[in-house]
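Biologist: Could you take me through how the two copies in a model are related, and then how to read the contact they form?

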Protein chains: 4
Amino acid sequence: MSIEKERREPDDGRSTRAAQLRTERRRELLDVALAVFAQRGYHQTRISDIIEAAQVARGTFYLYFESKHAIFAALLDDVLARIRSAVVGVELGAGAPSLRAQIHGTLVRLLSLVREEPALSRLVLREAVGLDPAIDEKLAGFYDELHRWLTDALLNGQSLGLLRRFDPTLVAWTILGAVERSMRLLLERPRSFSVDAMADALLDAHLFGLLSGAATD
Amino acid sequence: MSIEKERREPDDGRSTRAAQLRTERRRELLDVALAVFAQRGYHQTRISDIIEAAQVARGTFYLYFESKHAIFAALLDDVLARIRSAVVGVELGAGAPSLRAQIHGTLVRLLSLVREEPALSRLVLREAVGLDPAIDEKLAGFYDELHRWLTDALLNGQSLGLLRRFDPTLVAWTILGAVERSMRLLLERPRSFSVDAMADALLDAHLFGLLSGAATD
Amino acid sequence: MSIEKERREPDDGRSTRAAQLRTERRRELLDVALAVFAQRGYHQTRISDIIEAAQVARGTFYLYFESKHAIFAALLDDVLARIRSAVVGVELGAGAPSLRAQIHGTLVRLLSLVREEPALSRLVLREAVGLDPAIDEKLAGFYDELHRWLTDALLNGQSLGLLRRFDPTLVAWTILGAVERSMRLLLERPRSFSVDAMADALLDAHLFGLLSGAATD
Amino acid sequence: MSIEKERREPDDGRSTRAAQLRTERRRELLDVALAVFAQRGYHQTRISDIIEAAQVARGTFYLYFESKHAIFAALLDDVLARIRSAVVGVELGAGAPSLRAQIHGTLVRLLSLVREEPALSRLVLREAVGLDPAIDEKLAGFYDELHRWLTDALLNGQSLGLLRRFDPTLVAWTILGAVERSMRLLLERPRSFSVDAMADALLDAHLFGLLSGAATD
DNA sequence: AATGAATGAGTATTCATTCAT
DNA sequence: GATGAATGAATACTCATTCAT
């Protein structure tokens with residue numbers, strides 16, 4: 001009992017290096033697990049699949065993650081953070097790019113994420129759905145977040161006179177669904193459309209509506 | 001699945017009665033399974049849950065369905081059929097109700113289905129997602145079907161001059177996503193919006209767009 | 001739902017036979033488990049050992065017992081009941097056999113149990129000790145019961161004037177320990193003593209004491 | 001176990017100091033392990049429990065003990081030695097305290113050990129029972145030792161004419177059991193009896209027997 | 001000597017499905 | 001057709017021990 005008081009936590013290279021190795025291995029496990037989850041789905045994935053792919057002993061896995069569920073949750077957190085960072089940054093200040101250009105940019109970032117990281121995307125759009133109350137809540141919270149952001153943007157546009165009167169809450173959900181389905185589409189048929197075309201279509205449809213100018217009904 | 005359909009029985013009264021009983025029991029199993037699947041989710045549901053709720057012996061279950069997977073698939077087929085029948089019937093002929101009224105009606109039927117049959121809806125919108133390649137394909141096929149129907153409607157509208165120029169394929173996916181998300185919203189927060197308001201919001205946003213009349217960008 | 005109301009619980013031969021089979025199989029599992037637990041000890045025993053010895057599938061085991069712990073507890077209950085029934089029946093009424101003869105009989109029954117059922121005995125005397133708080137409590141309760149019984153007997157003897165003054169509580173524990181150790185001895189070295197000699201030695205030592213008549217200190 | 005004892009180190013100051021540190025740390029591990037084993041039991045105790053409590057790295061543990069089993073065995077050896085030293089010292093020479101006083105003293109020493117070192121006592125009386133063939137043998141050997149000592153004492157008493165005729169082997173086991181159970185009693189209900197009263201009760205019962213003077217049967 | 005990350009054998013329990021009655 | 005006892009493959013997680021640093 002008295003001995004350990006003399007022990008000093010070395011903040012030297014050794015522990016720094018150890019922490020780094022730890023982070024790396026955790027990262028590797030996450031990467032491997034992502035690939036396996038995306039390919040086989042959560043339930044078809046066995047811990048064995050992950051540790052075999054990661055070339056790691058069974059016990060090692062549990063050194064880094066408490067459970068199969070935990071690594072999936074961590075993975076999901078990663079993706080959601082990525083999506084968040086693809087969304088933030090729309091600014092409606094003077095001198096900023098036009099509203100339309102900015103939204104277009106956001107859409108392109110989102111859709112590109114799907115194209116570049118299909119595994120990550122598959123996680124949010126497919127594997128995480130209906131998995132678990134805890135996961136469901138995380139996902140619901142995330143969509144709420146996006147929805148809040150979008151609602152604010154719409155409100156902003158309305159108060160600036162750019163957008164007309166409508167229920168921003170409902171419309172925000174509508175747009176979210178449209179984007180979500182576009183992402184899903186890109187995930188399932190990556191070759192069918194260009195990211196740019198999709199972003200344009202989304203924007204045009206929502207900004208200008210579908211009626212021909214002559215239409216009255 | 002196909003096995004039962006191909007089986008033929010002599011058409012006397014006895015087998016008619018038997019067939020009827022068979023159909024009833026099958027129906028009851030489906031109803032019970034729907035409730036359980038919707039409440040607990042596919043993976044958390046054990047055959048025991050179903051047969052206990054249905055007051056049926058274990059072996060009896062397998063007399064009516066080949067497997068847990070099979071009863072889920074049958075259930076899914078049921079829902080998809082229900083949704084189909086909520087969608088079909090939009091006619092763009094002369095003397096028919098206005099395009100807008102018809103689409104509004106379709107949307108109301110869809111959203112009402114969610115409200116009245118939350119269990120069924122939950123099955124398509126949550127439980128079936130990412131379950132299984134076979135299920136995925138069934139679901140994808142269904143969405144393709146809806147998409148094709150919607151694309152046709154849009155093309156129709158364009159050829160009638162009611163709708164302006166845009167890529168009907170992309171826009172159809174967009175609209176589908178918007179509807180889907182609206183249904184999901186109604187499923188998760190049934191009290192938050194009226195079916196009618198949602199249908200209106202969906203229509204307005206897509207028909208007229210969000211820009212204020214004065215907006216140029 | 002309406003169908004099953006018509007089903008009747010048949011109290012005929014079929015379910016009677018089923019219940020009997022069930023009891024038999026449970027019994028067999030208990031017997032086999034007893035042998036294995038006694039030979040290898042609780043912790044070294046794997047469920048596989050039991051089901052292999054019982055020629056039964058893994059799932060079948062769990063049809064009859066909730067867990068490894070549960071079957072051990074059931075087994076322990078069995079033994080304790082056996083020991084109880086070896087102890088009860090000491091009567092101090094008029095016309096009854098002499099106190100000494102009766103106690104001798106009880107001791108013989110107890111020690112014979114060890115000789116005839118070494119596996120059962122090993123369970124109480126060795127395997128169950130320190131296994132688990134729940135088991136510990138069961139065991140402690142049982143010893144308390146024996147102790148209460150013995151204390152009563154001693155009090156009885158005192159009030160009849162057969163026994164001299166002493167603290168019956170303490171002495172009862174003392175005697176219990178002597179018997180327990182005798183049983184353990186018989187378990188470990190079955191050939192070393194006859195049941196009868198042990199019962200005699202226990203009785204003599206406790207009734208008459210060890211001092212020689214001449215002893216004053 | 002024996003390995004460490006045979007290892008020799010050059011006797012200069014450095015290694016003396018080192019050896020001392022080594023002994024200290026070993027001692028600390030033993031103390032900590034004792035506490036943990038006594039509280040949680042052998043099987044519920046994980047090496048992690050010990051090293052966390054001892055504030056020592058995992059590998060360090062194995063520098064001092066070959067295995068979990070080994071540290072338990074070492075601990076058990078400690079207790080057994082303590083008990084031995086509480087027992088030895090009964091001398092039946094002339095001028096020595098009376099036989100009764102000496103035995104009383106031995107009993108008090110034994111029972112006090114239980115009171116003062118409940119953790120150690122729990123180890124012998126509960127945790128070690130039925131643990132392992134190796135441990136069992138160690139325990140059996142120890143009881144044999146006690147038994148031999150007690151048998152000798154009884155024989156001695158008989159040859160001195162202090163004790164009457166009886167089978168000393170059997171009676172020695174009997175007494176051992178009585179003492180053992182008294183210790184267990186004190187362990188489980190430390191408040192229920194005084195050490196002195198227990199020693200007295202044990203002695204009185206065994207020396208004078210339980211029959212009233214008038215008793216003939 | 002000390003550390004603690006890595007190892008991997010070990011195992012209780014679940015549950016979809018079968019089949020004898 | 002109905003039953004439900006029996007089956008056994010499947011798998012997440014634990015923890016004593018090792019060993020490179």
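**Symmetry and contact**

Modeller: Once copies are superposed by least squares on the C-alpha atoms of residues with pLDDT of at least 70 in both, the operation can be read off: here a rotation of 179° with 0.1 Å of shift along its axis places chain B on chain A, with an RMSD of 0.2 Å. That is the relation of a two-fold axis. In chain B, Gly209(B) has the C-alpha nearest the axis, 1.7 Å from it. This is a predicted model, in which local features need pLDDT of at least 70, side-chain atom pairs count only at pLDDT 80 or more, and totals for chains, interfaces and linings use all residues. Residues are numbered from 1 along each chain as its sequence is written, while chains are lettered from A and ligands numbered from 1 in the order in which they are written.

Biologist: How many residues does each chain bring to the contact?

Modeller: Two residues are in contact if their C-beta atoms, placed from the backbone, lie within 7 Å; by that criterion 44 residues come from chain B and 45 residues from chain A. The same surface serves both copies, since 98% of the contact residues of chain B recur in chain A.

Biologist: Which element gives the most to the side of chain B that touches chain A?

Modeller: Helices are DSSP runs of H or I of at least four residues, and strands are runs of E of at least two, numbered from the N terminus. On that side of chain B, H9(B) gives the most, with eleven residues.

Biologist: And what of the fold of chain A?

Modeller: Chain A has ten helices and zero strands.
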